[in-house]
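Let's take a stroll through this structure together, one piece at a time. Have the sequence and the 3D view handy as you read.

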Amino acid sequence: MTDRMPVMKGTLDVLVLKALAWAPMHGFEVASWLESRSDSELELDDSGLYQALYRLEGRRLITAEWGMTENNRRARYYRLTSAGRTQLRRETATWLRYAAAVTSILTDAQPAS
Amino acid sequence: MLRSLPPRVRRAFRLAIRRRRFTDDDVDAELRLHVELRAEQLVASGWTLSGAHTEARRRFGPSWDDAVQHLHRSGRAREDSLAMRETLDSLWHDIRYTVRSLGHAPRFVTAAVLTLGLGLGTTTVIYSLVDHVVLRPLPYTDPDRLVIVREVVSGLSETYPSMPANAVHFMEWRRGCTACEGMAAIKRARTTLVTNGDPLRLGAARVSANLFSLLGVRAALGRTFAPGEDQRGRDGVVVLSDALWHRQFGGDPGIVGRTILLDANPVQVIGVMPPAFTLPPGNGLGALVSLPAQLELYRPLAFTDHESTAQGEYDYAVIARLRPGATAEQLRSQIDGIEARVAEREGPDTKLGAAVVPLQQQVVGGSGRPLLLLLGAVGAVLLIVCVNLTNLSLARHVMRQHESAIRVALGAGRERLARLALIESLVVAVAGGLFGLLLAQWGLRALVAIAPASLPRVSEVQLDARVFIAAALLTAFVGVFVGALPAIREARTDPGEALKAGSRNATMGRSTARRRAAFITAQVAFTTVLLVGAGLFLASFIRVLHVDRGFQTDHVLAADVAIPYATYATQDRVSQFYDRAISEVSAVPGVTGVAIANGLPLEGEIWVNGVSRPDSPDHHVSANYRFVTPSYFAVVGTPLRSGHAFTDTDRGRHVVVVSERVAKTLWPGESPVGKQLTVGWQKTAEVVGVVADVHTTSLEQEGSALIYLPAWDNPQWQAAVIVRTVGEPATVATALRSALRRADPTVPVPKIRTMADVVSSTVSARRFQVVLFGLFAFMALVTASIGIYGVISQSLANRTREIGVRMALGARPGDVHRLVLREGLTPVAVGLLVGITGALLGGRVIQSLLFEVQPGDPLTIVGVCVVLGLVAVAACAIPARRATAMELMTMLHPD
């Protein structure tokens, strides 16, 4: 918990999209999904999460609707739109290429320190 | 996804969250749930209840309140963004719907786009012309502080209200003037450049060294003149035009510093001007300046001894830059003061004054008004087009009334229907605008090609961002203008009324009939004004062409020769060339006469100087001097009124032939033949003949005073070899050129043209006006006739049943035709009346542009009435015939 990594700028949006690709969720579900998936390695700022949700909704990558939780509590459920799905695919591909490139540089065996 | 929801839900949803407070409440509710769930999660992993709650909030950042506020803002931003996207979506939806529905009305779309395209295209073309020629400032720095200074010289001022400046006076002004920052003089020059052995005659100007800095322009390559380079001895430098640099030197940047041969003198090229730089050609800087149309070289103006002392020569265009804050009037009164001192020094009879005109005004000069008039004409055409389109759109609206009523009944918002109508007209306008731009691109090239060379700055005209923006604004304006009425109608849709009527064609009410009549009246009125204008210009043009010009145009060909001073240093030698040229050219087959003169009719005023009676110096006039060989009058076809032309036997005597105007001014009521005339400053010559007046500058101005002196007395280096031919003169051009080459191959022959070409180029401005005005009037006529046809067809289509009933009751087709014609032609007649009244009232505006035709010219007005009347009758008769030709049963049961 002490040395968890803050989420890198710009990656939160794609992570949220990924979470919502599984199923429609409300805000807290998204947060706990991301926490459990990252084995609590990522440090999530809850305020940032909601900002990301609103931002994505404003761009119509996700859409929201009020619904009921299992325990009958009113919650705002977010769902991926088709535009969001496309965006997720694109962002994922970009991220993977980027990560692969960075990884290949960093794992270059030559100047081991 | 959002769109897949039922619209009712969507609306309810949007309604609830649109408002700020609802958005904030949503955010709060969401956060409350989050904090609760998080706390429960923490409690499950061993936190205390209150600790868990605090921790859950802490995870939103150091300050909970800040976080909440921040998220409220984000929530609102989200709603704004969604709302905007919604609007754009629905707009896009409407546009697609409109385009689809327009696809079902190809005839409407074709008519609308074609007429709008033509209207907008021509407006764009004329606007860009007006913009470049009249509105746009000259391409110099702070052009509004640049003025032209000219002289008012007593004794000459009746003929020439102002003259170019005298060199002596110019130098005095330059010394004594404080209201201006600087002053520069310009004088036309002709120069021969020899490259690769070929002599090339070029238009040049000699300019004060400070001219370029005064105008605020720099050389594109190298430099312009340095101060002092207009002193003799230091003036062996030249600045080239961009065109010459490319044409003769292949755009070689190494040209700067090279030495070239000008008039057989070596001079050094110091710079090349940018492509856009030029000085106003012809008399753009004032009458009698006549700079060459193509200025290719700029030489420093170093006054010769003669120039810097000559009292009577007024040759220099002078440009001054006012000091910031100084007015043209201040400069004028200052120079007037200097002029008074100069006049006193020069002699008791001399009176001098100054005239100061802003450069822009001088350059635009007379072109402004005709161009603005053209813009007005094209605006009228556009207005007719708009009126027509509005009518067509309204007809579509009437047809859609039923559909709209159903939509309103089903809950469609009226503002949405109005918006649709507006979008439709905007879509059509944009399509028309794009088509218009295409036409404009093409039309502008055609226009520049036929534009008279005297139109200032016409070569700069092109479609650029400024014109494009104007066209876009105009298109939007037209879209709104045309769509406004249908939109208002749509907004007033009453579901009850249209549905109750129960018929597809709602009956034509009184107001519809009145509206249609008003449309016809308006169109006909505008068209009438344009037709009258075009008719008046055409009548003027015809009259100009039939003016008694004092010379003949058929079978006359002229070649300019520029005899190089270097090889022909004396007038005797020039005379020898004249003789050789005449004998060579006479031998050319098809040539029946040859003459040499220092100027052609209609090619401007040159060599202007005073003449007077030695016995009565009060009888004086300023005249154009022409030095001609004896056969000149026969070759050019200027009729002799009395006496005789000079012959070879007159060699050695001082003889002169005068024009009728000179004869009438100097010897009113007497025959001048045999009388003495003072020519120039001292010589007297005997008048041997009187010839008809000849137009020197334009066919529209009366012939100037002219005197003709024998060429052998004063042969000129600049001259024209004129020949009379048996056949088509242009066919002799090549033979003429080679004959002159045989006389001396080193003498350049820059230009050969027929006299018909000369006349044609002097009337080009008028032809331009007639062609354009005629074109616009024709467009207006076509548009208006289509409009009348459309209105009558619509009205008949709506009344098919009525006509059927009339015919079933015994009316004959002729009766119906008469009915239709009466209905259609009444508004036409009213429109004609209004239009002619307007044309008569507005006639004063164009009076100064007409030639020997009054604005109320009865022939023109009757002609316009006949043409419009016939067209209107045809436009009514065709649909009327069609209506009565239908089967009776079809008429009675249209559905």
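Strand β14 (residues 616–628) of chain B and strand β19 (residues 706–710) of chain B run parallel, joined by five bridges. Strands here are DSSP runs of E of at least two residues, helices are runs of H or I of at least four, and both are numbered from the N terminus. Two strands count as paired if DSSP finds at least two bridges between them. Look for Arg626(B), and you'll find it opposite Tyr708(B) in β19(B).

A second neighbour of β14(B) is β13 (residues 608–613) of chain B; these two pair in the antiparallel sense over six bridges. Here Val608(B) has Asn624(B) of β14(B) as its bridge partner. To get from β13(B) to β14(B), the chain goes through a hairpin with two residues in between.

A quick word on what you're looking at: this is a predicted model, where local features need pLDDT of at least 70 and side-chain atom pairs count only at pLDDT 80 or more, while totals for chains, interfaces and linings use all residues. Residues are numbered from 1 along each chain as its sequence is written, and chains are lettered from A and ligands numbered from 1 in the order in which they are written.

Now hop over to helix α13 (residues 465–491), also in chain B. Its 27 residues reach 37 Å from first C-alpha to last, close to the expected 39 Å, a figure that is 1.5 Å times one less than the number of residues. There's a kink of about 40 degrees at Ala484(B), shortly before the proline Pro486(B); that bend is the angle between axes fitted to the seven residues ending there and the seven starting there.

Which residues of α13(B) are buried? Among them are Ala471(B), Leu474(B), Thr475(B) and Val478(B). Buried means that 20 or more other C-beta atoms, placed from the backbone, lie within 10 Å of the residue's own. An α-helix has 3.6 residues a turn, so residues three or four places apart point the same way. The cover over this buried set includes α5 (106–135), α11 (368–409) and α12 (414–450) of chain B.

Finally, meet chain A, with four helices and five strands. How does it touch chain B? In total, 19 residues of chain A are in contact with 22 residues of chain B, contact meaning C-beta atoms, placed from the backbone, within 7 Å. On the chain A side, α3(A) gives the most, with seven residues.

Note on methods
Buried ≥ 20, exposed ≤ 12 C-beta atoms within 10 Å, placed from the backbone. Contact = placed C-beta atoms within 7 Å.
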